[in-house]
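Subject: Structure handover and notes on what was found

Dear colleague,

I am passing on the structure we spoke about, together with some notes for you to read alongside the coordinates. Please have the model open while you go through them.

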Amino acid sequence: MENFMNKLAEKISAQDIIRANSQAEAAEAQRIKQEAEHYKAQLEEIKHSSEEYKAILEEMRKDAGEYKSQLQEMKEDSKAYRQKLEENDTKIHDVGVQIYRNVQAVIEKSQDKNKEDIKDLQNRLETLQVTVETKNSAFLPLTIITMILVIADLAFNILRFLGII
């Protein structure tokens, strides 16, 4: 093993070690530099994406603000419509009650008028019945007397036709 180390030591000199060390450091510096550039590119890409996202976010905030104001307007319109509907319902109810009362008053008036007309007709009917009854009672004896005279005249004419009289 010592031989191996000696041979190795003979082959590798201090100058070689320094040179290999500096080459390794240069390679490491190059790798770090490439990594730094890679990270820098990624950072630039992130910054660019961040700016895009910020612009999109601002646009979304603007749209959200517009939607919020539109929603607020819609709520106010909805409240106004509800209020108008309630007012219309109240007016319709009031008009309905007024019409009901007017119809009821007209019906009561017509009922009163009909009652008066019925009473008037009943009075006329009673008067007519009384008139008819009194006229019929006076006609009955007159009708009987007329019938007797007609029968007597008929009998007299039949007897004369037969030559009995």
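With which residue does Asp120 form a salt bridge, and how far apart are the closest N and O atoms? The partner is Arg124, and the closest N and O atoms of the two residues are 3.6 Å apart. Please keep in mind throughout that this is a predicted model. Asp120 and Arg124 both belong to helix 2, where four residues, or about one turn of the helix, lie between one position and the other. As for their surroundings, Asp120 is partly exposed at a relative accessible area of 35%, whereas Arg124 counts as exposed, with 54% relative accessibility. Elsewhere, Glu28, Arg31 and Glu35 are joined into one network by salt bridges that share partners.

Within that network, the pair for which I can give details is Arg31 and Glu35, whose closest N and O atoms are 2.8 Å apart. These two residues are separated by about one helical turn, because they stand four residues apart in helix 2, which covers residues 14-162. Arg31 has a relative accessible area of 38% and is therefore partly exposed, and Glu35, with a value of 32%, is partly exposed as well.

A further salt bridge links Glu58 with Arg61, and here the closest N and O atoms are 3.3 Å apart. The spacing along the chain is three residues in this case, again within helix 2, so that Glu58 and Arg61 are also separated by about one helical turn. Glu58 counts as partly exposed at 46% relative accessibility, while Arg61, with a relative accessible area of 52%, is exposed. Searching the whole structure gives four salt bridges.

Turning to the surface, there are two patches that you may wish to inspect. One of them is negative and is formed by Glu108, Asp112, Glu116 and Asp117. Of its members, Glu108 is found in helix 2 and is partly exposed, with a relative accessible area of 43%. The other patch is nonpolar and is made up of Leu154, Phe156, Ile158, Leu159, Phe161, Leu162, Ile164 and Ile165, which together have about 870 Å² of accessible area. Leu154, one of these residues, also lies in helix 2.

Finally, some values for the protein as a whole, which may help you to place the details above. The secondary structure comes to two helices and zero strands. How much of the protein is buried? Of its 165 residues, buried ones make up 0%. The accessible surface comes to about 15,900 Å², and 60% of that surface belongs to carbon and sulfur atoms.

With best regards

Notes:
Residues numbered from 1 in each chain as written. Predicted model: local features only at pLDDT ≥ 70, side-chain atom pairs only at ≥ 80, totals over all residues. Heavy atoms only, no water. Salt bridge = Lys/Arg side-chain N within 4 Å of Asp/Glu carboxyl O. Buried < 20%, exposed > 50% of the residue type's maximum accessible area, 1.4 Å probe, protein only. Patch = residues over 30% accessible without salt bridge, like charges linked within 9 Å, V, L, I, M, F, W, Y side chains within 5 Å. Areas by Shrake-Rupley, 256 points an atom, 1.4 Å probe, with all protein chains shown as cover. Lys, Arg positive; Asp, Glu negative; His and termini not counted. Charge placed at Lys NZ, Arg CZ, Asp CG, Glu CD.
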